[in-house]
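Good morning. Please have the sequence and the structure open, and look at the chains as I name them.

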Amino acid sequence: MSGREAILNKVRAAIGASPDDTARARIVKKRLAKPPLGVIPARGQLPEKDRIALFCQMAAKVSASVERVKKPGDVPKAVAAYLRSRNLPASVRMGVDERLEAMSWKSLKSLEVKHGPADADDEVGVSHAVAGVAETGTVVLHSGAANPTTVNFLPEHHIVVVDAKDIAGDLETAFAGIRQTFGKGMMPRTVNLVTGPSRSGDIQQKLLLGAHGPRALHLIVVDGG
Amino acid sequence: MQITSPAFKENSRQALSDAQLQKALGNVRSGFIDKRQNSIDALPEFDALRDSARAIKDHTLAHLDLYLESYEEKVKKAGGYVHWAETAADARNIILEICRSAGARTVTKGKSMITEEIGLNEFLEKEGVRPVETDLGEYIIQLRGEHPSHIIAPAVHLTQEQVEADFRRVHDHLPVARDLSEPESLLAEARRVLRYRYFQADVGITGANFLVAETGSSIIVTNEGNGDLTQILPRVHVVVASIEKILPTLEDVGQILRVLARSATGQDMSVYTTVSTGPRRPGDPDGPEEYHVVLVDNGRSSMLGTEFQDMLRCIRCGACMNHCPVYHAVGGHAYGWVYPGPMGAVLTPSLVGVEKAGHLPNASTFCGRCESVCPMRIPLPKMMRHWREREFSRGLNPATQRYGLRAWAMVAKRPKLYRFATSIGIPLLSFFKGRKGSFHYLPLAGGWTRHRELPAPEGRTFMQQWRDRDVRKQEAVA
Amino acid sequence: MQEDVKKKNPRVGLFVTCLVDLFRPTVGFASVKLLEDAGCEVEVPMAQTCCGQPAYNSGDRSDTIEIAKNTIETFEGYDYVVAPSGSCAGMLKKHYPGLFKGDAHWEARAAAFSARVHELVSFLVDVMGVKDVAVAHAGSVTYHDSCSGLRELGIREQPRRLLSSIAGLKLQEMRDADTCCGFGGTFCVKYPDISNRIVEEKTANIRATGAETLLAGDLGCLMNMAGKLQRQGADVKVRHVAEVLAGMVDGPAIGKDKR
């Protein structure tokens, strides 16, 4: 008997089920098809303006820095200003995300933009989130041909651009968006929910930022995005 | 790993006299409790979410076979492989086989209690594959040849000075004069040292906080980012997860995430919640080319349908041990195996046998704090009592305890005998103490008087005095 | 149940608890006084013994069941059953019904019994509506929340409310008042060294308040803490909260010598 059958048989015997129990199968099928929503905290259930404000506030609470810009075209300048303010070299790593590509990076002559997956020497990565979650100040990113996951983890500084209109009240709305993009039950290779910069409390329970992932997380919220 | 749970008493005596450990354990008391409380106070729906989380797990366990099948189908559809391991040995062999076919010499590891449970590191090393722990706490204890003393804070038993000494010993290629006096500098050094290990590794092994039947995804919840680097940089990603980690849908994940981080570290949400599904897709610029899931039973199915089934709701947040007075006193290693604290006191006997782990469910004051903070509302004291019942019915507890208890119960079941015995014994005891209020030593009460005075009976029993009062009352009426 | 027995003068069966019966009868008399002052008719059935926790928590279910049957039979017929202990009351109220699963007759009897069980101080406040006690107590006290009373029965505010009504009494809260004292019934003799470490933590918190008197609602915890404080040479008086509420503090505190 394979491990698979052995385990499933033991499980069925313990539950008192038979493999051809159609009533149980129906229950499971139904739940997978139409997941009940559960308890959604009131915290994030706000009108758009307050929701965006809550997102910024929650993100700041987990030590992300947050700035708001008026339109996508303002992002490259904001990135350049961030690099200057942190004394970072004028070089960023990013994927070929079409929303980022549409921005006028070339107008900033001194800024080097490297495309493709990150390597160990990159100091700054720039990503575009597909959603934000106001309840917790979380940004949602996913992998794809234009969105390397390494950009989210290898650089010391991670700059994430999120459109204000994509900021949801809760995680469930963000998941629903991914379902809509990829189809029910289908997922990209990686979905990252990122809430603040990397941290560790493993030495004497003292909370320190910048463990293995980015030491700093900078969020740029695009109001007219 | 070697099980030292039978020596729990000896282990705990050592722990109590270890000054470094006692100093470090102070951080548990101060580190976790207030943070958890603050985050919960800020979420009015917390208790409703606990109920929701419990209902989700109960539903899932009642349909576990079907959700596992549906999960497997989805993983395969996404291009991943699912392996089923009945035992720890099966799991180890499956993982070794994956490493061998990947030609792996080094594997990086994200923090995972299940790989501790199956003793993966020792096994891989013996077979010539080098496992490198990348979570800071796990990395530190791997340097020391130790095992985690806490399920979410593996190095919580260590002080900063001990970590510094270990880094100086092991990182001997770095300048001796470097400053490591602050936790920040220790963290920075670990980050630098581990960075190139990720690129060196051929296989990355992580655990999973959840598996999702709807999508075939595995989810890890972390703060450092090491788990993510572990699973995106090497060519092969192996997920090791026990079968009860499964949840029906992403909505269910959302419910449990809201209670997990709050209960564990007092965060609303951990920094990185990563949902992984299959290997990299055509056109993806990074990510693993192979994705394997090893589903481990190793005793879980034997808990299903028993009085210990509720334990399978556990999401490994650590809140029970963070609030446990016994854990605070002796730390995690005293428990003698992988899982310490109240959850370990229930789980360890299930997984290694109550013959070996019998002390664990007994070493509890039943103060109930673990149950009161458990996000999944697991009745931990009740299940520890169930273990005590099994031990008692199998005659596993010490004979002196059993005979003492039987003798006491014999009297307690017979009210007249009880009245008679206490009305002689108590005044006698009271006579012996004279005008003193307590005993400094009393035969047969050494367990008590070793550390404290034993307050003496006031005089005659309440019942004796009450009967006299009734008699006096009746005389007055007559 | 409570609705139809909401008499002004309910008949209360006092479950004395074995520790109070044997070691500290004063607590029993203080309980009787408090209950009578609140308008109850108090009786103390002689056939009571112990609630059965030592057997129950040692895994000896069959003896526990026999002890429980005796307790239930003894206390049938009272409007309420009241115990000056959160631990024993918790056993009677929360654990008895579960002992008889599958035995419909006894399960029903146990459920009816458990519904009438209360811990003393919470009974006074929540059921009898007592708002204050007419005694004075000059001095500072600190209050330890015993685990079963706190977590099984939700007793936290009730004793503090009554204590705050006492003229002259100053309540000084200790750090971690809701953390276990390390008693744990047989735990303290099965694992004496761990129990000691836990009670050391507790007495440090007690002593840090500078309070003259330590109060709690469970004699097991009180004897543990009193014994430790005394071994440490600390000059803290230890009493059951009922003693202070009833104004019965003339005798020596727990473990103290007769004057």
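I will go through chain B, then its contacts with the other chains, then chain C and chain A. Keep in mind that this is a predicted model.

Start with chain B as a whole. Its C-alpha trace spans about 105 × 60 × 45 Å along the principal axes. The secondary structure of chain B consists of 25 helices and 12 strands. Of the 478 residues in chain B, 59% are buried. If we take the contacts in chain B between residues at least 6 apart in sequence, 74% of them join residues at least 24 apart.

Chain B has a domain 1 at 32-298, a domain 2 at 303-397 and a domain 3 at 411-477. Measuring from centre to centre over C-alpha atoms is how I will give domain separations. For domain 1 and domain 3 of chain B, the centres are separated by 57 Å.

Now one helix in chain B, α17(B), which covers residues 341-352. What should the span of its 12 residues be, at 1.5 Å a residue? The expected span is 16 Å, and the end C-alpha atoms of α17(B) are 16 Å apart, so the two agree. The count behind that expectation is 1.5 Å times one less than the number of residues.

Is α17(B) largely enclosed or not? Of its 12 residues, 11 are buried, so the rest of the structure largely encloses this helix. The buried ones begin with G341(B), P342(B), M343(B) and G344(B), and go on through A345(B), V346(B), L347(B) and T348(B) to P349(B), S350(B) and L351(B). Just after α17(B) comes G353(B), which has a positive phi of about 100°.

Next, a single residue, A78(B). Where is it placed? A78(B) sits in the loop that lies between α5 (64-77) and β1 (81-85) of chain B. Is A78(B) buried or exposed? There are 21 C-beta neighbours inside 10 Å, so A78(B) counts as buried. The cut-off for that is 20 or more.

Which residues does A78(B) contact, once neighbours within four places in sequence are left aside? They are G216(B), T277(B) and G278(B). Another residue to find from here is G207(B), which is 129 residues from A78(B) along the chain; the C-alpha atoms of these two are separated by 19 Å.

On to the contacts between chains. In the contact of chain B with chain A, 80 residues come from chain B and 65 residues from chain A. On the chain B side, helix α11 (residues 183-200) of chain B gives the largest share, with 8 residues. Sorted by class, that side of chain B has 34 nonpolar, 27 polar and 19 charged residues.

Chain B also meets chain C, where 50 residues of chain B are in contact with 59 residues of chain C. Several helices of chain C each supply at least two residues to this side, among them α2 (25-37), α4 (61-75) and α8 (147-153). The largest share on the chain C side, 7 residues, belongs to α12(C). The side of chain C that touches chain B has 26 nonpolar, 17 polar and 16 charged residues.

Let us stay with α12(C), residues 219-231, and add α11(C), residues 192-209. Two packed helices are described by the angle between their axes and the distance between the axes. Here the axes come within 10 Å and cross at roughly 75°. That makes α11(C) roughly perpendicular to α12(C), because angles of 65 to 115 degrees count that way.

Which residues meet? From α11(C) there are V199(C), E200(C), K202(C), T203(C) and I206(C), and from α12(C) there are N224(C), M225(C), K228(C) and L229(C). By class, this contact has 4 nonpolar, 2 polar and 3 charged residues.

Chain C also has two domains, domain 1 at 11-126 and domain 2 at 131-245. Their C-alpha centres are separated by 22 Å. The contact between them takes 29 residues from domain 1 of chain C and 22 residues from domain 2 of chain C. The elements giving two or more residues on the domain 1 side include α5 (86-99) and α7 (120-127) of chain C. That side divides into 13 nonpolar, 11 polar and 5 charged residues.

Last, chain A. It is divided into domain 1 at 1-36 and domain 2 at 41-222. The C-alpha centres of these two domains of chain A lie 40 Å apart.

Technical notes:
Residues numbered from 1 in each chain as written. Chains lettered and ligands numbered in written order. Predicted model: local features only at pLDDT ≥ 70, side-chain atom pairs only at ≥ 80, totals over all residues. Domains from an automatic or database assignment. Axes fitted to C-alpha atoms, helices over the stretch in contact; angles between N-to-C directions. Helix = DSSP H or I, 4+ residues; strand = E, 2+ residues; numbered from the N terminus. Parallel < 35°, antiparallel > 145°, perpendicular 65-115°, else oblique. Contact = placed C-beta atoms within 7 Å. Nonpolar A, V, L, I, M, F, W, Y, C, P; charged D, E, K, R; others polar.
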